[in-house]
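Reader: Could you walk me through this protein, one step at a time?

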Amino acid sequence: AAAVSVCNSNSLAWPCRKAILLLMSPALRDLRSWPSGRQWLGCGLATAVLLAIAWLILPDFVDLSHRPSALQMVKIGAVAFLFPALIEELVFRGLLNPKQTPLSIGLSTALFVLWHPIAGYFLIPEAFPFVSDFRFLCFAALFGLTFCLMRRITGSLWAPILCHWIVTLTWKALGGARFLTD
C-alpha cells in the first residue's frame with residue numbers, strides 16, 4: 001500500500017505542476033508585460049511588411065471574389081484570436097523559445113514552419129496543398145522569425161499574438177484561406 005501511495009497521481013501532481021510552471025514562467029512573465037507605443041509602431045510596420053510580402057509571394061493570399069461576410073469575419077476573428085494567434089504564439093514564441101537565444105529562435109521558427117503542413121495534413125486536409133507549398137513555408141519562416149524578434153525586442157508575447165491575429169484576419173478578410181471559410 002505504501003508503494004501505491006508514493007506513485008499515485010496526487011504525489012506526482014505537484015512536481016508536474018512545478019515543472020510546467022517552470023517551463024512556462026518566461027512566457028507567463030511576457031504575458032504580463034505590454035509593449036510601449038514606439039514598440040507597437042515598430043510591430044505594426046513589421047506586420048505591414050509581412051502582409052505586403054505575403055501579397056507578393058502567395059498567389060492564394062487574396063481572392064477578392066470570395067470574401068467572407070461581416071458576420072463570418074466576427075466569428076473568424078473570435079476563433080482566430082484563440083487559434084492560431086494565442087495558442088501558436090504561446091507554444092512557438094513562449095514555451096519553445098524561453099531564453100530567446102539565437103538557437104531557441106531558430107529552433108522555434110523551424111518547428112513553427114514544420115507545424116503548418118503537419119497541422120494541415122491531420123487537422124485541415126483541404127488546407128494541406130496551400131500550407132505545404134514552398135512559398136508558404138518560406139513565408140511561415142519569415143513570419144516565425146519576425147514574431148520571435150518582436151517578443152525579444154518588446155519583452156512581451158502580446159506583440160506577436162496581436163500581429164499574428166492581424167495577419168490571419170487580413171488574409172481571411174481578403175478572401176484567402178477559402179478552405180477555412182467555406
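Author: Sure, and one definition goes ahead of the rest: patches are made of residues with over 30% relative accessible area and no salt bridge, where like charges are joined within 9 Å and nonpolar side chains (Val, Leu, Ile, Met, Phe, Trp, Tyr) within 5 Å. Accessible areas come from the Shrake-Rupley method with a 1.4 Å probe, and for residues only the protein chains shown count as cover. This is a predicted model, where local features need pLDDT of at least 70, side-chain atom pairs count only at pLDDT 80 or more, and totals for chains, interfaces and linings use all residues. Residues are numbered from 1 along each chain as its sequence is written, and side-chain values use heavy atoms, leaving out hydrogens and water.

Reader: About how many Å² does the nonpolar surface patch with Tyr121 have?

Author: Tyr121 sits in helix α5, residues 102–122 (helices are DSSP runs of H or I, at least four residues, numbered from the N terminus). Its partners in the patch include Leu107, Leu111 and Phe122. Together, the patch residues make about 750 Å².

Reader: Which element gives the most to the largest nonpolar core?

Author: A nonpolar core is a set of buried Ala, Val, Leu, Ile, Met, Phe, Trp, Tyr and Cys residues joined through side-chain atoms within 4.5 Å. Buried means under 20% relative accessible area, exposed over 50%, and partly exposed in between (1.4 Å probe, protein chains only). The largest core has 21 residues, and Leu58 and Phe143 have the most contacts inside it. With 6 residues, the top giver is α7.

Reader: How many residues are in the second, separate core?

Author: Look for Met24, Ala85, Leu157 and Ile161, which are included in this core. Its residue count is 7.

Reader: Which residue meets Arg151 in a salt bridge at 2.7 Å?

Author: A salt bridge is a side-chain nitrogen of Lys or Arg within 4 Å of a carboxyl oxygen of Asp or Glu. Arg151 is in helix α7, and its partner is in helix α2 (residues 9–31), 121 residues away. Arg151 counts as buried because its relative accessible area is 0%, and the partner is buried too, at 3%. That partner is Asp30.

Reader: Is Asp133 buried or partly exposed?

Author: The side chain of Asp133 meets that of Arg135 in a salt bridge (2.8 Å, N to O). Asp133 has a relative accessible area of 24%, so this residue counts as partly exposed.

Conventions:
Helix = DSSP H or I, 4+ residues; strand = E, 2+ residues; numbered from the N terminus.
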